[in-house]
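Colleague: Could you take a close look at one part of this model for me, and then show how that part sits within the whole? I would like a connected account rather than a list.

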Amino acid sequence: MSNLYVRAATAADAGILFTFIKDLAIYEKAEDEVLATEQTIKQTIFAHDSHVYALICELDGVAIGSAIYFFNYSTWLAKSGLYLEDLYVMPEYRGKGAGVKLLKTMANIAKEKDCARFEWSCLDWNTPSREFYHSLGAVAQEEWVGYRMTGKTLNDFAADQTE
């Protein structure tokens with residue numbers, strides 16, 4: 001796979017990013033949770049004031065994978081961190097270096113931006129991905145429990161100003 005190339009995604013890549021997002025959601029058994037469209041991907045990731053970035057991994061000029069990331073902040077370290085939201089490689093290209101190439105590109109971006117951390121989340125049942133991340137030296141943060149509010153819960157909580 002020596003012809004692998006990682007580049008910054010452009011608005012013209014919104015369609016392939018959307019396809020990869022849907023494919024990842026299918027793999028994660030959450031296809032019905034995808035509300036994004038090609039147009040909303042274009043309007044958000046590629047907006048003038050966007051804080052979200054995307055990479056495309058190509059093999060011989062054909063997109064085979066992507067990474068979507070943003071920067072967060074550690075108050076304890078007083079430094080930014082790079083957070084990987086999505087990493088996707090088409091199934092037929094997994095195990096051939098595309099995922100490593102995308103992750104190394106992001107690790108270098110984190111270093112260039114003086115980030116203290118490079119982090120991501122992985123579903124607990126996704127053994128192949130977890131084994132892959134462990135093989136790279138990444139360490140699971142098992143003492144942290146993620147929390148999330150979405151939909152009606154988020155709207156109701158935000159609207160309740162009496163507390």
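Modeller: A definition has to come before the part I have chosen, the β3-β4 hairpin: two strands are taken to pair if DSSP finds at least two bridges between them. Please keep in mind throughout that this is a predicted model.

On that footing, β3 and β4 form a hairpin with four residues between them, and within the turn Ala 78 has a positive phi of about 50°. The two strands pair in the antiparallel sense over 10 bridges, and Gly 65 of the hairpin stands opposite Val 89 in β4.

The hairpin has neighbours on both of its flanks, and I take the β2 flank before the β5 flank. β2 and β3 run antiparallel and are joined by eight bridges, with Leu 59 placed opposite Val 62 in β3. These two strands also make a hairpin, with two residues between them, and Asp 60 in that turn has a positive phi of about 50°. On the other flank, strand β4, which covers residues 79-89, is joined to β5 by four bridges, and here the two strands run parallel. One pair at this junction is that of Leu 82 with Phe 118, its bridge partner in β5.

As general background, strands of a sheet pair through backbone hydrogen bonds, either parallel or antiparallel. Here the five strands form an open sheet in the order β1-β2-β3-β4-β5, and the pairing is mixed. β1 (4-8) and β5 (117-120) are the edge strands, each pairing on one side only, and the twist from one strand to the next averages 30°. Helix α3, residues 98-112, packs on this sheet and touches β1, β2 (52-59), β3 (62-74), β4 and β5, while its direction makes about 165° with that of β4.

Stepping back to the whole chain, the protein has five helices and five strands, and from the N terminus its elements follow the order β-α-α-β-β-β-α-β-α-α. The radius of gyration is 17 Å, close to the 15 Å that the globule rule gives for 163 residues, so the protein is as compact as a globular protein of that length. Along the principal axes, the C-alpha atoms fill a box of roughly 60 × 35 × 35 Å.

The two helices α1 (residues 14-27) and α2 (residues 38-45) pack at an angle of about 110°, with their axes 8 Å apart. Angles of 65 to 115 degrees count as roughly perpendicular, and α1 and α2 are therefore roughly perpendicular to each other. The crossing in which α1 passes α2 is right-handed. On the α1 side the contact is made by Ala 14, Gly 15, Leu 17, Phe 18 and Ile 21, and on the α2 side by Glu 38, Ile 41 and Lys 42. Sorted by class, this contact of α1 with α2 has five nonpolar, one polar and two charged residues.

The loop between α1 and α2 is where Glu 31 is found, and leaving aside residues up to four places away in sequence, Glu 31 touches Ala 25 and Ile 26. This residue also offers a way back to where we started: the C-alpha atoms of Glu 31 and Thr 75, which lie 44 residues apart along the chain, are separated by 35 Å.

Conventions
Residues are numbered from 1 along each chain as its sequence is written. This is a predicted model: local features need pLDDT of at least 70, side-chain atom pairs count only at pLDDT 80 or more; totals for chains, interfaces and linings use all residues. Side-chain values use heavy atoms; hydrogens and water are left out. Axes are lines fitted to C-alpha atoms, for helices over the stretch in contact, and angles run from 0 to 180 degrees between N-to-C directions. Angles under 35 degrees count as roughly parallel, over 145 as roughly antiparallel, 65 to 115 as roughly perpendicular and the rest as oblique. A crossing is left-handed if the near helix is turned anticlockwise from the far one by less than a right angle, and right-handed if clockwise. Contact means heavy atoms within 4.5 Å. Ala, Val, Leu, Ile, Met, Phe, Trp, Tyr, Cys and Pro count as nonpolar, Asp, Glu, Lys and Arg as charged, and the others, Gly among them, as polar. The radius of gyration is taken over C-alpha atoms; the globule rule is 2.2 Å times the number of residues to the power 0.38.
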